[in-house]
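Hi,

Here is the structure for you to look over. My notes follow below it.

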Amino acid sequence: MRIEQGVILCGGLGSRLGSLTAETPKPLLPVDGTPFLQILMREITRYGVRRFLLLAAYRSEQIESFARSVVEALGGDVEVLVVIEPDRAGTGGALYNARPMLDDAFFLFNGDTLLDTPLDRLAALLDDPEAIGAMALRRLEQAGRYGVTVLEGDAITAFGVPPLDDGPVYINGGVAAFRKTMVDGLKPTGSMEVELLPDLAVQGRLRGLPVNGFFLDIGVPEDFASAQTSVPAFVRRPALFLDRDGVINLDKGHVGSMDRFEWVEGAREAIKAANTLGYYVFVVTNQAGIAKGYYTEGDYQTVMDHIDQGLAEIGGRIDDVRFCPYHPDGVIADYRVVSDWRKPAPGMVLDLLKSWPVDRARSLLIGDNQTDIQAAEAAGLKGELFTGGRLDAFLAPLLTSSDRKDVI
């Protein structure tokens, strides 16, 4: 199931954090100088989610102000809306109040929790018509302050129960996917963790995805303090920059329509391998065919959507894209300019480096033209020339294993 909306619970008081939240909503507390909520939203966009709904209550005016400013911080291509509870209504009440603005299926996140979750695999659990919700479950050696979730196969059979012993347990990781029909079981006020999810578990309507990746809940002072170093370390990753035509798809000259698109052998597998090894995967592509009038930006986006779909079929993804539609000899006046984004200039690469916390020393760019290599070198990155064959075989010896491998 493809899900395009991210709903984030931002309304809690954060009382366990004491004076830290006296004036600031917990999700807006700074982590290494950046609001925690912005870091969370950036991670979510890696899975193609561009529309956000923030459910606010405490200090809601600050959430509204943040919603206006975060759009630019996330690159400008996101929509961020805010729903304010009429009163503090609890997690269930917050969703109930927002029901007119919910998609038929949506991701739901706790605004104070970061769990490295493959959202595409979580959404796939809703392909089961009996499932109304799917939850990312984090394994802990001991339950600590959390309630326990019992998983049998991929079915959650009990939610929020006390642990039976002191051994390893699964807890709610604060990331879930739901069908909108789940709000039918909610009330204007109340906790969905208490009043709805336990019943759905008993009814066999919840699925669970065990996730072993990075997990942090900033809800107590010691964990918020550790977030100042652990979160920046988690989001700092090497990046694989890929040219498109000639690397991801065969370069048939100005590929602006589906009849001219053909995958390079092993391209999808190469991108998925980079995802698994913890790399950001970015595309940087000159698209002079737009300036020359061969196709439009809409046609270009259609091809990119096809690429995204093809990757999703095998569990791969591209985290972000920059394209340059300009050319000094273009016939379309708006695009007939010299641009520092057009390779061999490094503008597209530099913009991505500015937008994402990239480990430059471990990053590289793959292109099929010397202009790609020149762009990489101008940006201070290693460039590798791909001249054909299977991309996954070419790329395998160039990628290095990072701390984050498969999070499942």
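**What follows helix H8, and the rest**

Helix H8 is followed by Gly278, whose phi is positive, near 90 degrees. Keep in mind that this is a predicted model.

H8 itself covers residues 267–276. Its buried residues are Ala267, Ala270, Ile271, Ala274 and Asn275. They fall within an arc of 140 degrees seen down the axis of H8, so they line one face of the helix. An α-helix has 3.6 residues a turn, so residues three or four places apart point the same way. The buried residues of H8 pack against two strands, S14 (239–242) and S15 (280–286), and two helices, H10 (297–312) and H13 (391–395).

S14 and S15 also belong to an open sheet of five strands. The order is S16-S15-S14-S17-S18, with parallel pairing. S16 (320–324) and S18 (382–385) are the edge strands, each pairing on one side only. Neighbouring strands are turned by 20 degrees against each other on average, direction ignored.

At one edge, S17 (residues 364–367) pairs with S18 over four bridges, in the parallel sense. Gly367 has Leu385 as its bridge partner in S18. Helix H12 (residues 370–378) lies across S17 and S18 and runs at about 170 degrees to S18.

Now the cores. The largest nonpolar core has 72 residues. Those touching the most other members are Ile8, Leu37, Met41, Leu54, Phe107, Leu122 and Phe241. Helix H1 (residues 36–45) gives the most to this core, with six residues. A second, separate core has 30 residues, including Ala274, Leu311, Ile366 and Leu395.

Best wishes

Conventions. Residues are numbered from 1 along each chain as its sequence is written. This is a predicted model: local features need pLDDT of at least 70, side-chain atom pairs count only at pLDDT 80 or more; totals for chains, interfaces and linings use all residues. Side-chain values use heavy atoms; hydrogens and water are left out. Buried means under 20% relative accessible area, exposed over 50%, partly exposed in between (1.4 Å probe, protein chains only). The arc is that of the directions from the helix axis to the C-beta atoms. Contact means heavy atoms within 4.5 Å. A nonpolar core is a set of buried Ala, Val, Leu, Ile, Met, Phe, Trp, Tyr and Cys residues joined through side-chain atoms within 4.5 Å. Two strands pair if DSSP finds at least two bridges between them. Axes are lines fitted to C-alpha atoms, for helices over the stretch in contact, and angles run from 0 to 180 degrees between N-to-C directions.
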